[in-house]
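Q: I would like a close look at the side-chain contacts in the structure shown here. Please start with the ring pairs and work outward from them.

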Amino acid sequence: MGCLSGSALTFGGRHALSRVEEIYVSILSSMEVHKMGFGSTGAMVTAPLDDLKCIEMQIKWADSMSPGKFSHGRNRPDCILKMTQNYPLTKAGSGKDVRHFEFEPQSSIIEYEVGDVLEILPGQSPAAIDAFIQRCGLNPEAFITVCSKSTETQLRDSKVPIKLRSFVELTMDVASASPRRYFFEVMSFFASAQHEKERLQYFASPEGRDDLYQYNQKERRTVLEVLEDFPSVQMPFEWLVQLVPPLKPRAFSISSSNSAHPNQVHLTVNVVSWTTPFKRKRTGLCSAWLAGLDPQINPGVNVPAWFHKGSLPPPPPSLPLILVGPGTGCAPFRGFVEERALQSKSGPTAPVLFFFGCRNEANDFLYKDFWLSHSRNGGVLSEDRGGGFYVAFSRDQPTKVYVQHKIREYSTKVWSLLSEGAAIYIAGSSTKMPADVLSAFEEIISKESGVPRETAIAWLRALEKAGKYRVEAWS
């Protein structure tokens, strides 16, 4: 058994360990692991588990061994999903790649409500994981346990060993997130080349802060890229465990109703991509990974997932709704409309007013047929049922039109539903949209009810306190 532990590093007369926690890493040989009663996957050999249960438990064990300051307290995944559908919702000329994903469970039954959120632990590139392990001189087949040095020996010994490669893959974001400034400070201690040491010390100094920002954050350099730029740095694994950014699950608004799609869950995802100032192409880790999955060619990819309550609770059928969801903000409301359509088959339902927005009708009108089908022939969004579906195409005319403009255009109808006790649900980008939409509602209430703007503001605050003005926004 090999043991590693944090040693006291000193920078400028102060101890580096004041910034991190001393940890204890045990590296065991395969023979030692089997002697302890563990199989090659980390599962107890005395109680064989199927492959999916092993994956779930590995995620739980790996997370439990992450340093306390980085652990997000994830439990074992609620389920392991497999993707069954992956198709684009936008046309080639839209400048965006928005996709519709459908999943089914592999390990347990799916249970959720409309408005819930699905968290996904993204897969990392196997090539990037291998490159990181090779760059750091690690043995991917070694079995390890990781815990704080303050942990009692009995608890330390009870940790279930996990392969080093699996630990890196499940807990350390090596090829997406940028390291923090302190990472460069610690790297300078382990750099053997003088020019690299000086450069790293400069980056970690107050004088080098701006240059570090240009090099690191603005370019979104990854841990792997930074380590490759400073090849003389050989940082021990117990330091990497603490300083490499943690691999975090990504949260998405669920865009389906479990009642309409039993044992399925749907997502509407914008595949994030951008170009850095130095023309490096970057993509979002999770969205790009999901977009690259082809359920026809490789249907067996495991997608670890957790279900959580979101900011938009499921409304009762009797509650009138005013929904505002431009772009992928329409995702949760697709599930709301599906649910209300089912409810309308068994009893009366209140009206639903939905304001959607996109750039062009031809290129990025997400779920066009779905919305139009529910806005006609007595559907839940139809005007003859007291509802309505109104779209702001921001680029289809010389003057840009956004959802707040459409809300003002139908101010009489909006005020009529608010007077009947409607709830307002808003979803989408967290930039200007929520504030612009709030301003539009303030203006409508003031205008339609003949009260001062201050009274309208107070009225909306009371609506929010009552849980009937909800916003789910993301950056």
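How many aromatic pairs does the count come to?

A: This is a predicted model, and the count for it comes to 26 aromatic pairs. One of them is formed by F167 and F237, an edge-to-face pair with 6.3 Å from centre to centre and 70° between the planes. This pair links distant parts of the chain, since F167 is in helix α5 (residues 164-171) and F237 is in helix α10 (residues 237-243), 70 residues apart. F167 has a relative accessibility of 1%, so this residue counts as buried. F237 counts as buried as well, because its relative accessibility is 3%.

A second edge-to-face pair is made by F333 and F354, whose ring centres are 5.8 Å apart and whose planes are 70° apart. F333 belongs to helix α12 (residues 331-344) and F354 to strand β16 (residues 352-358), so this pair ties together parts that are 21 residues apart in sequence. Both F333 and F354 are buried. They also belong to one aromatic cluster, formed by F333, F336, F354, F356, F365, F370, W371, F389, F393 and Y425. One ring of that cluster also has a charge beside it: R334 lies over the face of F370, at 5.5 Å from the ring centre. The charged end of R334 sits over the ring of Y367 too, at 4.8 Å from the centre of that ring.

Charged side chains come next. Side chains of opposite charge can pair when their charged atoms come close. The structure holds 17 salt bridges. One of them is in helix α5, the helix that holds F167: E169 forms a salt bridge with R165, and the closest N and O atoms are 3.7 Å apart. E169 and R165 are 4 residues apart in helix α5, so about one helical turn separates them. An α-helix has 3.6 residues a turn, so residues three or four places apart point the same way. E169 has a relative accessible area of 29%, which means that this residue is partly exposed.

Another salt bridge joins the side chains of D229 and R221, at 3.5 Å from N to O. Its two ends differ in exposure: D229 counts as partly exposed at 40% relative accessibility, whereas R221 is buried, with a relative accessible area of 11%.

R282 forms a salt bridge with E225, in which the closest N and O atoms are 2.9 Å apart. R282 lies in strand β13 (residues 281-283) and E225 in helix α9 (residues 223-229), so the pair ties together parts that are 57 residues apart in sequence. R282 counts as buried, because its relative accessibility is 11%. The R282 and E225 bridge is part of something wider, as salt bridges that share partners join E219, E225, R280 and R282 into one network.

Helices α5, α9 and α10 come together in the surroundings of helix α3, because the buried residues of α3 pack against these three helices. In α3 (residues 126-135), the residues A128, I129, F132, I133 and R135 are buried. These residues cover an arc of only 165° around the axis, so they are on the same side of α3. On the other side of α3, P126, A127 and Q134 are exposed. Just after α3, G137 takes a positive phi of about 65°.

C136 is buried, with a relative accessible area of 10%. As for cysteine pairing, the count comes to 0 disulfides. For C358, the closest cysteine sulfur is that of C330, and at 9.3 Å this is too far for a bond, since a disulfide needs sulfur atoms within 2.5 Å. C358 counts as buried, because its relative accessibility is 8%.

These contacts sit in a chain with 17 helices and 19 strands. Of its 475 residues, 53% count as buried. Among contacts between residues at least 6 apart in sequence, 74% join residues at least 24 apart. The F167 and F237 pair, 70 residues apart, links distant parts of the chain, and the R282 and E225 salt bridge ties together parts that are 57 residues apart in sequence.

Key: Residues are numbered from 1 along each chain as its sequence is written. This is a predicted model: local features need pLDDT of at least 70, side-chain atom pairs count only at pLDDT 80 or more; totals for chains, interfaces and linings use all residues. Side-chain values use heavy atoms; hydrogens and water are left out. Rings of Phe, Tyr and Trp (its six-membered ring) pair if their centres lie within 6.5 Å; planes under 30 degrees apart count as stacked, over 60 as edge-to-face and the rest as tilted. Helices (H or I, at least four residues) and strands (E, at least two) are DSSP runs, numbered from the N terminus. Buried means under 20% relative accessible area, exposed over 50%, partly exposed in between (1.4 Å probe, protein chains only). A charge sits over a ring if NZ of Lys or CZ of Arg is within 6 Å of the ring centre and within 35 degrees of the ring normal. A salt bridge is a side-chain nitrogen of Lys or Arg within 4 Å of a carboxyl oxygen of Asp or Glu. The arc is that of the directions from the helix axis to the C-beta atoms. Contact means heavy atoms within 4.5 Å.
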